[in-house]
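Colleague: I haven't looked at this one before. Could you walk me through it, one question at a time?

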Amino acid sequence: MPTHLSLLVFWLALALPGFALLWRLDREALRGGILFGLGRSYLMSWMLLTPSCVLGYMLQLPLALLTVSYGLAVLLACASLLQDRSWLRALRRPSALAAVGGLWLCCDVWLGLRAGTHVEGDAGYNIARVRLLLDAGLSNWDPLVAEPHFEPVYHTNLYHALIASSAQLR
């Protein structure tokens, strides 16, 4: 699988655990339309992955802990959604606004894959932080200081850890 396709699958599948949990526990949270439901699904997935990420940072565990947690969450979500297929009947045709939003998002992803991303400003620091997580595991050290030095701004950052985890899976 090409790298960009595996990254796309990683980030799209991140919504599945949250969607499955919301479908089981709070279907009303998904009633606001496709983009609203997608946003809530991602938020719930982030909430599900936060404990293993924070624990990994606290104990300075390997990044594989989050990667395995992500994989298990997606597999359990798929099993749950395959067992209860009532969500398929609840799908309806998206509104024109949702279709335009989805098309806009697809164009942004396509352009990002073709042209790359913004690497000015603090992007270099964020890239170094992700690289540190890939090399040293879940740690709260500043990537630009030679000695281990606590990073107070980006400590226990789930987003950096998920980027590193997606790179680990490619």
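Below, the two of us go through the cores, a helix pair and the salt bridges of this predicted model.

Colleague: Let's begin with the inside. Which helix supplies the largest share of the largest nonpolar core?

Modeller: That core has 17 residues, and Leu-49, Leu-66, Tyr-70, Ala-161 and Leu-162 touch the most other members. At least two residues each come from H1 (3–13), H3 (34–59), H4 (64–83), H7 (123–136) and H8 (158–169). The largest share is four residues, and the helix behind it is H8.

Colleague: And how many residues does the other core have?

Modeller: The other core lies apart from the largest one. Among its members are Phe-19, Leu-22, Ala-77 and Leu-81, and its residue count is nine.

Colleague: Back to Ala-161. Which residues of helix H3 does Ala-161 touch, leaving aside neighbours within four places in sequence?

Modeller: With those neighbours set aside, Ala-161 is in contact with Cys-53, Tyr-57, Leu-63, Leu-66, Leu-133 and Leu-138. Helix H3 covers residues 34–59. From that list, the ones falling in H3 are Cys-53 and Tyr-57.

Colleague: So how do H3 and H8 sit: roughly parallel or roughly perpendicular?

Modeller: Their axes are 10 Å apart, and the packing angle is about 90 degrees. Angles of 65 to 115 degrees fall in one class, so the two helices count as roughly perpendicular.

Colleague: What kind of residues make that contact, mostly nonpolar or mostly charged?

Modeller: H3 brings Trp-46, Leu-49, Thr-50, Cys-53 and Tyr-57, while H8 brings Leu-158, Tyr-159, Ala-161 and Leu-162. No charged residue takes part, and one is polar. The other eight are nonpolar.

Colleague: On to charges. How many salt bridges are there, and which one ties together parts 57 residues apart in sequence?

Modeller: The count comes to three salt bridges. In one of them, the side chains of Asp-84 and Arg-27 meet at 3.1 Å, N to O. Asp-84 lies in the loop between H4 and H5 (86–90), and Arg-27 in the loop between H2 (15–25) and H3, so this pair links parts 57 residues apart. That makes the answers three, and Asp-84 with Arg-27.

Colleague: Is Asp-84 buried or exposed?

Modeller: Its partner Arg-27 has a relative accessible area of 32%, so Arg-27 is partly exposed. Buried means under 20%. Asp-84 has 17% relative accessibility, so Asp-84 counts as buried.

Colleague: What separates Arg-131 and Asp-135 along their helix?

Modeller: These two side chains meet in a salt bridge at 2.9 Å, N to O. Arg-131 is partly exposed at 46%, and Asp-135 is exposed at 55%. Both are in H7, four residues apart, so the separation is about one helical turn.

Colleague: Which residue forms a salt bridge with Glu-28?

Modeller: Glu-28 is exposed, at 57% relative accessibility. Its partner is partly exposed, at 43%. The closest N and O atoms of the pair are 3.4 Å apart, and the partner is Arg-31.

Colleague: Last one: how far apart in space are Leu-103 and Glu-28?

Modeller: Leu-103 is in helix H6, residues 96–115, and counts as exposed at 55% relative accessibility. In sequence, Leu-103 and Glu-28 are 75 residues apart. In space, C-alpha to C-alpha, the distance is 26 Å.

Note on methods
Residues are numbered from 1 along each chain as its sequence is written. This is a predicted model: local features need pLDDT of at least 70, side-chain atom pairs count only at pLDDT 80 or more; totals for chains, interfaces and linings use all residues. Side-chain values use heavy atoms; hydrogens and water are left out. A nonpolar core is a set of buried Ala, Val, Leu, Ile, Met, Phe, Trp, Tyr and Cys residues joined through side-chain atoms within 4.5 Å. Buried means under 20% relative accessible area, exposed over 50%, partly exposed in between (1.4 Å probe, protein chains only). Contact means heavy atoms within 4.5 Å. A salt bridge is a side-chain nitrogen of Lys or Arg within 4 Å of a carboxyl oxygen of Asp or Glu. Axes are lines fitted to C-alpha atoms, for helices over the stretch in contact, and angles run from 0 to 180 degrees between N-to-C directions. Angles under 35 degrees count as roughly parallel, over 145 as roughly antiparallel, 65 to 115 as roughly perpendicular and the rest as oblique. Ala, Val, Leu, Ile, Met, Phe, Trp, Tyr, Cys and Pro count as nonpolar, Asp, Glu, Lys and Arg as charged, and the others, Gly among them, as polar.
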